[in-house]
Each structure stands twice: as C-alpha cells, then as structure tokens.
Amino acid sequence: MAIGDAYDAEGMIPITRAHAAASGQEGDLVFVEMLAKGGAKCMVPTSTNPVYDIKYFHDLFPNIPENEADVARRVMAAYKRVGAIMSWSCTPYLAENIPLFGETVAFSESSATPYVNSVIGACTNREAAQSALAAGVIGKTPKYGLHIKENRKGTHLVDVEATLNDEFDYTLLGQYVGKIVGYGIPVLTGITRRPTTEEFINFCAMSNTSGAITMFYMPGLTVEALTVKDAFQGDMPKDKVTVTNKELGETQEELQTTCGKIDFVQLGCPHYTLKQIAEVAALLENKKLHKEVAFWVCTSATAKTLADRVGYTRTIEKAGGQLVVDTCIDEPCWIAYKQKIGMTDSPKCAYYRRYKDVMVGRLEDCVDAAVRGEWK
Ligand code: F3S
C-alpha cells in the first residue's frame, strides 16, 4: 500500500503469481521473518531467487563466517514458513513459476522482470524482494507503472545493424542498449532471427544491469506489439540509436579489464539452462581443467536434476568443474574468491562481484582459459 501511495497508484489489482528476489542478506531476513512470525502465507505461487547451497559452500570454504550461514539458513526457513515455492533460482519463469501472456504478476530479480514483461508478455513492475513477497502474500499489487498500458509504450528506437550470431552477442547487445537507453523502453528493429530462450535471457540480464530496462520490444519477435507503430502506441520515439558491430566490439573491449593468470571461472549468472550446461559439458569432454582454476556453473535444481540424468554433471565434474544449485554469484559464500582474478561470460556477474577483476568473454574462451589457467 505504501508503495502504491508513493506512486499515486490507482488502487490494488489482483496478481496470479510472484517471484521474490530472496537473498542471504539481513535486510531480506528481517522482512521475511516478520511475515513468517505473523503467520503470513503466500496466496499465489511465489518463487524464490537463489541464496546459496549452505552445506556445499561451508564444506568447501571453512572460512565463511558462521553468522553468514545462520542468516542464509534463517532466510530459507522463513520463506518456507510463508509457503513460498523454494525454487532458489533466478530463472523461475522457465520451469518453477511460469507466467502466461497477459497475466498480472509481481516479479523481482532484475533479469526476470524484463523477460516476464517482454518475452512472455505478462505485466510486472520492477519489484524488490520485499514488495514481491508482500504481493505474493496478499495476492495483490498496486496499479501503477507497467500495469498501465500507456506506461508500456516504447521510448527509444534501436536499429540493430550488428550481426547477432550467438548468446554472447545478445549479452553485448544488452550491455550496450542498457547503457544507452537507461530507464527507457527500447524498441529493437533489424533483428531477423528469433532469439533463443538463452539469448533473450542474456539480453534481459545485461540490459537491466548496465541500465534499468524493465521492458523492451522486438516487434514481430516478442509478443506484445507486432509492429513498431504498436510498440510506440502511435507516438514518435524520443530518441533513435543504431547499433553496429563497432559498438558491440567496443562493448566487448570495455569488458576486458585485464588478462593473464586466472583463479576461477564462474558461469550461470543468470542460472544456466540445461542447454547451456550441455554446451559446457561438450566443451569439457575429454579435457582437464587447470589444477589451480576453480570452475563453477550455477543453475537451478530443476536443470541440475536433468543434467545429472543426462550425464552432463558427470562430464563437468570429471574435468574438474562443479555444477552448483540454489546459489547466486553475489552471496557471501564466495568470500574465498573475492580477491582473486576470474573470468565469466556474464557482465552482470562481473558487475556484482566488483571486488576484483573479472574478465568477460565467450563461453568457449572461458573454458579455454580454465583449461590453460590464463586468459590472453
Ligand atoms: Fe542470478 Fe544472482 Fe546473477 S540472482 S542473475 S546469479 S546476480
């Protein structure tokens, strides 16, 4: 209600599901424990973002302070008490809590919000962990922002002349568009092939990290507006931007903060899908990772279960890597690696680690660097 007042909301509207960006941090703990203590229960399916796999990390790194484990344990227990779906994943819209076109929902998690609005065509504002959980408990959210059609109007026309071949190209595109468009709603034209699920995920995650893109259109490829005119609701764009290979190349260069010896590779920010895990397994087949390089792939419990069955987990482990569930890269469990040098395929991962250099490159380059122990 207070958020609704702050935004002059038209009132409260019912939602059908929510996703709370839970974390193993004290601010989250206070709120969810308060609700749990008061007997609150989620009225609609409410999934949870990753915290971390407490047992796995505390066995691995005995120097994680015990109070950190205590906070994470209490957060997870409290979400259970309020009846949340304990997905501990930042891609719940793929398996554990899937909105449909036109649904009104309350989804937090920066990478999930644009996906839900744009790729699925459901309606959500950029929620915090607390506001999403509160909405899940009362089954309602204030009607403002992206719950009003007029506010879903495109703001910037982005003409994509760049060649987009793979998931990493969409990572670069998201990184660039987020930076240029900021808080706007970009309408992207010129993309001729429908992006894959993973390409959409990367675009969403990066554009809402380098910028604050909670919604975008690719008319004809995303679902809500089939034409550019519809995306702008008949208005003119506020600004026009062209993205060529040059901009994407420069974006990639900016992400190369250093080179040389690496201590770790971190993948799965956002959580890797089964398809991406399969790609990692294929790249690691019959290879051995450098003995001084730690190699982690974060994913959902759902994807890991399937990866176990299919044999991808075994291949990754045999090479010396680890598939980790329930875990976000921005949690205290990584403390032993905070001051070390790493590599990732995700600028979002590099941004949130922010303590020490993390280079960003294609998956193939990350695997290659992990095998050789260095990035050129
Ligand atoms: Fe997921 Fe955490 Fe990255 S929630 S998107 S692994 S910052």
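This is a short walk through a predicted model, from a small sheet to a group of aromatic rings and then to the ligand.

Let us begin with the sheet. Strands of a sheet pair through backbone hydrogen bonds, either parallel or antiparallel. Here, 3 strands form an open sheet in the order β3-β2-β4, and their pairing is parallel. Its edge strands are β3, covering residues 46-48, and β4, covering residues 105-107; each of them pairs on one side only. On average, neighbouring strands of this sheet are turned by 15° against each other, with direction ignored.

If you would like to look at one pairing in detail, try strand β2, residues 17-20. This strand runs parallel to β4, and 3 bridges join the two. To find one of the contacts by eye, start at A18, whose bridge partner in β4 is A106. The sheet also has a helix lying across it: α6, made of residues 129-138, crosses β2, β3 and β4 and runs at about 150° to β2.

Now turn to the aromatic side chains. A pair of aromatic rings is described by the distance of the centres and the angle of the planes. Across the whole structure there are 15 aromatic pairs. In one of them, the ring centres of F57 and F61 are 6.2 Å apart; the planes meet at 35°, so this pair counts as tilted. Are these two residues buried or exposed? F57 is buried, because its relative accessible area is 0%, and F61 is buried as well, with 8%.

Another pair to look for is W296 with W334. Their ring centres lie 4.8 Å apart and their planes stand at 75°, so the pair is edge-to-face. W296 sits in strand β11 (residues 294-299), while W334 belongs to the loop between β12 (322-325) and β13 (342-344); the pair therefore ties together parts that are 38 residues apart in sequence. W296 counts as buried at 3% relative accessibility, and W334 counts as buried at 0%.

These residues also belong to a wider group. Ring pairs link Y52, Y56, F57, F61, F264, W296, W334 and Y337 into a cluster, so picking out these names together is a handy way to see how the rings connect.

Finally, which residues are around the ligand? They are N49, P50, C90, E109, C269, P270, C328, I329 and K348. By character, this shell divides into 6 nonpolar residues, 1 polar and 2 charged.

Terms used
Residues are numbered from 1 along each chain as its sequence is written. This is a predicted model: local features need pLDDT of at least 70, side-chain atom pairs count only at pLDDT 80 or more; totals for chains, interfaces and linings use all residues. Side-chain values use heavy atoms; hydrogens and water are left out. A residue is near a molecule or strand if one of its heavy atoms lies within 4 Å of it. Ala, Val, Leu, Ile, Met, Phe, Trp, Tyr, Cys and Pro count as nonpolar, Asp, Glu, Lys and Arg as charged, and the others, Gly among them, as polar. Two strands pair if DSSP finds at least two bridges between them. Helices (H or I, at least four residues) and strands (E, at least two) are DSSP runs, numbered from the N terminus. Axes are lines fitted to C-alpha atoms, for helices over the stretch in contact, and angles run from 0 to 180 degrees between N-to-C directions. Contact means heavy atoms within 4.5 Å. Rings of Phe, Tyr and Trp (its six-membered ring) pair if their centres lie within 6.5 Å; planes under 30 degrees apart count as stacked, over 60 as edge-to-face and the rest as tilted. Buried means under 20% relative accessible area, exposed over 50%, partly exposed in between (1.4 Å probe, protein chains only).
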